[in-house]
Amino acid sequence: MKVQVDQDRCQGHTLCAMIAPDIFELSDIDGHATAISGDVPSGSEKSVREAVASCPEKAISITE
């Protein structure tokens with residue numbers, strides 16, 4: 001599974017980083033999220049799916 005954050009849509013709500021802190025990091029400048037790595041480690045799939053569902057801007061996408 002791969003994950004990415006659309007920087008044009010992300011508004012820095014920080015929900016993804018709260019749900020999956022090992023997957024997402026926040027910018028010190030604007031608070032926008034990025035995926036630490038595009039590849040989701042085994043065992044983190046559930047939290048990544050939860051982060052996708054929780055993003056109010058629908059800025060996170062996954063591919064399998």
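A residue counts as buried when its relative accessible area is under 20%, as exposed when it is over 50%, and as partly exposed in between. The model described here is predicted. Thr14 has a relative accessible area of 26%, so it is partly exposed. Its place is in the loop between β1 and α1. The backbone of Thr14 has a phi near 70°, a positive value in a residue other than glycine. Most residues other than glycine have a negative phi. Lys58 is another case, with a positive phi of about 55° although it is not a glycine. Lys58 is found in the loop between α2 and β4.

From the loops the path leads inward. The largest nonpolar core has 16 residues. Within this core, Val3, Val5, Cys16, Ile23, Phe24 and Ile60 touch the most other members. Two or more residues each come from β1 (2-5), α1 (15-19) and α2 (45-54). Of the elements, α2 gives the most, with 3 residues.

Two of these core residues can be followed through their contacts. Leaving out residues up to four places away in sequence, Ile60 touches Val3, Gln4, Val5, Cys16, Phe24, Ala51, Val52 and Cys55. Cys16 belongs to helix α1. At a relative accessible area of 9%, Cys16 falls under the 20% limit and is therefore buried. With residues up to four places away again not counted, Cys16 touches Pro21, Phe24, Ala33, Ala51 and Ile60. Phe24 and Ala51 thus appear in the list for Cys16 and also in the list for Ile60. A distance can be added for Gln4, one of the residues that Ile60 touches: the C-alpha atoms of Cys16 and Gln4 are separated by 11 Å, and the two residues lie 12 apart along the chain.

Helix α2 can be read by its two sides. Its buried residues include Ser47, Val48, Ala51 and Val52. Seen down the helix axis, the buried residues of α2 fall within an arc of 145°, so they line one face of the helix. Lys46 and Ala53 are exposed on the other side of α2. The cover over the buried residues includes β1, α1, β2 (24-26) and β4 (60-63).

Ser47 is a polar member of this buried set. Its relative accessibility is 18%, and because the limit for buried is under 20%, Ser47 counts as buried. Apart from neighbours within four places in sequence, Ser47 is in contact with Ile19 and Ala20.

The last feature is empty space inside the model. Rolling a probe the size of a water molecule over the atoms shows where such space is left. The structure holds 1 cavity of 30 Å³ or more. The largest cavity has a volume of about 90 Å³. Its lining is made of 14 residues, and those nearest its centre are Cys10, His13, Thr14, Cys16 and Cys55. By type, the lining divides into 9 nonpolar residues, 4 polar and 1 charged.

Several residues of the earlier paragraphs return at this cavity. Thr14, the partly exposed residue with the positive phi, is among those nearest the cavity centre. Buried Cys16 is also in that group, and so is Cys55, a residue that Ile60 touches.

Terms used
Residues are numbered from 1 along each chain as its sequence is written. This is a predicted model: local features need pLDDT of at least 70, side-chain atom pairs count only at pLDDT 80 or more; totals for chains, interfaces and linings use all residues. Side-chain values use heavy atoms; hydrogens and water are left out. A nonpolar core is a set of buried Ala, Val, Leu, Ile, Met, Phe, Trp, Tyr and Cys residues joined through side-chain atoms within 4.5 Å. Buried means under 20% relative accessible area, exposed over 50%, partly exposed in between (1.4 Å probe, protein chains only). Helices (H or I, at least four residues) and strands (E, at least two) are DSSP runs, numbered from the N terminus. Contact means heavy atoms within 4.5 Å. On a 1 Å grid over the protein atoms alone, a cavity is a set of points where a 1.4 Å probe fits but cannot get out, and a pocket is an open set with protein on both sides within 12 Å along at least five of seven lines; lining residues have an atom within 4 Å of a point. Grid points are joined across faces, edges and corners, and a volume is the space filled by probe spheres set on the points. The arc is that of the directions from the helix axis to the C-beta atoms.
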